[in-house]
Each structure stands twice: as structure tokens, then as C-alpha cells.
Amino acid sequence: LSSVVLLGMGEPLANFENVVKAVRRIHDELDIGMRHITISTVGLVPEIKRLAEEQLQVTLAISLHAANDEERSKLLPMNKRYPVASVMQAAREYWEVTGRRVSFEWTLIAGENDTPEKAQELGKLIYLNCPGAHVNLIPLNPTNGYSGGPSQREAVAKFVDTLRQFGVEATVRVRRGIDIDAGCGQLAERFQELNVTSAEALPAR
């Protein structure tokens, strides 16, 4: 085990004290360097600032997925409490206090947020508010509850090239586990399906 990423089990920063304790134990007891530990968040602004004050040197990954409030609020309701501008300000403060590059997560949805225009909007947002940040591009995993689909290779390539025009580097993540419903977003759906099936199998009282 050489690295740890805290995400996918609820919002880590909503459990701030325990997450910080866990990070310290992972570092002290498993001998995993702080720079090999990533904490992912939907963008809880007060907690991002608290995390900066802890000076843990962990990587902060912020789920963005849209570069304006109207579109991001549709994807992430938390944006109504902490809009894009406040999230970007908190990200910049984290970078300035810790010296650690911030990562932004962007799930690519075909025809919605994978166009050159959306890449320009994202590139400009990062260039003006959090220069030096990195973008993780994540192909959308198929789920029954959402009609969107993953982006085509050509669209992904254009998105990456457009970001580079703003000095923003991006990494396209490899989708793993989708064949066994273990990809991002699939486990929760499968769990719900199993619960429904189990409930239907219960004898009537």
C-alpha cells in the first residue's frame, strides 16, 4: 500500500475530526507519506480552510464537474450553499497556505460538460482563481439512474488540449471495475437494488 484516497464513502470533510485523525494514523502507523494521501470533497468551504490550517500536506481534490453555479447546482446541490466562487477562493487559500497543488475532479458527460466551450470556461476559471491546479478528467460510469453517457475519445482529447491553452494540465483517469458494478456511482446503485430485492422477498406480515 503506497497511497490512500478518501472518497466515495460519504463526504470526508463532513467528518472532519475523524478524518484528520485517520490521516495522521495512516501516516504514523502505515508509514505512508502525507503527499501520498488525498482527501476528496464536494467543496465544503469552511472545512477546506480548516484543513489548510492543519498543515497536513495532503492533496486536496475538489469535485467540480461544472464551472458555473447554474450547471454545478444541478449536478451538486451543495453548490447552492457553497457556490463556485467561494469554492475557488477556498482552493486558492489551501494552495497558498500549504504550498500543495489542488486537484479538481471533472466527470466527463457526453454533450454536456465535455465540449471545447466548457473546457474554455474551466480553464479560465482555474487560470484566474487557482493557477497551477490540476484537473482529473473522469469518464462517466454507466448507471441506470442517469441518462448521460461517457465522452468519446475525440471530445476528451480536445478538452485536454483546450485546458492546456490556459496552462492547465489534465489527467484522464482510467475507468476500473465497471464490469462488476464497482465503478464510481455504481456501488450505491447496486446496493439500493439489493435492498429493494431483499425487501420484496420478505414474507408479508
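1. Let's start with the nonpolar core of this predicted model. The largest one holds 50 residues, and the members with the most contacts inside it are Leu51, Val58, Phe104, Trp106 and Val135. Helix 4, which spans residues 84-98, is the element that gives the most to this core, with 6 residues. As background, nonpolar side chains in soluble globular proteins tend to be buried together.

2. Valine 58 is a good place to zoom in, as one of the residues with the most contacts inside that core. Which residues does valine 58 touch once its neighbours within four places in sequence are left aside? They are Val23, Met34, Ile37, Ile39, Leu51, Tyr94 and Arg100. Leu51 is thus on this contact list and also among the core residues with the most contacts.

3. Trp106, another of those core residues, brings us to the aromatic rings. The count comes to 1 aromatic pair. The ring centres of tryptophan 106 and phenylalanine 159 are 5.9 Å apart and the planes meet at 40°, so the pair is tilted. The two partners come from distant parts of the chain, 53 residues apart: tryptophan 106 sits in strand 4 (residues 103-108) and phenylalanine 159 in helix 6. Both tryptophan 106 and phenylalanine 159 are buried.

4. Helix 6 covers residues 153-164 and also contains alanine 157. Is alanine 157 buried or partly exposed? Its relative accessible area is 38%, so alanine 157 counts as partly exposed. Across the chain, alanine 157 and proline 116 are 41 residues apart in sequence, while their C-alpha atoms are 9.9 Å apart in space.

5. The loop between helix 2 (45-54) and strand 3 (59-63) deserves a look at the backbone, starting with glutamine 55, which lies there. Most residues other than glycine have a negative phi. Glutamine 55 has a positive phi of about 55°, although it is not a glycine. With a relative accessibility of 42%, glutamine 55 is partly exposed.

6. Glutamine 57 belongs to the loop between helix 2 and strand 3 as well. Its phi is positive too, at about 65°, and glutamine 57 is not a glycine either. How does its accessibility come out, buried or exposed? Glutamine 57 counts as buried because its relative accessibility is 18%, and the cut-off for buried is under 20%.

7. One last contact to check is between a charge and a ring. Arginine 50 lies over the face of phenylalanine 16, at 4.0 Å from the ring centre.

How values were computed
Residues are numbered from 1 along each chain as its sequence is written. This is a predicted model: local features need pLDDT of at least 70, side-chain atom pairs count only at pLDDT 80 or more; totals for chains, interfaces and linings use all residues. Side-chain values use heavy atoms; hydrogens and water are left out. Helices (H or I, at least four residues) and strands (E, at least two) are DSSP runs, numbered from the N terminus. Buried means under 20% relative accessible area, exposed over 50%, partly exposed in between (1.4 Å probe, protein chains only). Rings of Phe, Tyr and Trp (its six-membered ring) pair if their centres lie within 6.5 Å; planes under 30 degrees apart count as stacked, over 60 as edge-to-face and the rest as tilted. A charge sits over a ring if NZ of Lys or CZ of Arg is within 6 Å of the ring centre and within 35 degrees of the ring normal. A nonpolar core is a set of buried Ala, Val, Leu, Ile, Met, Phe, Trp, Tyr and Cys residues joined through side-chain atoms within 4.5 Å. Contact means heavy atoms within 4.5 Å.
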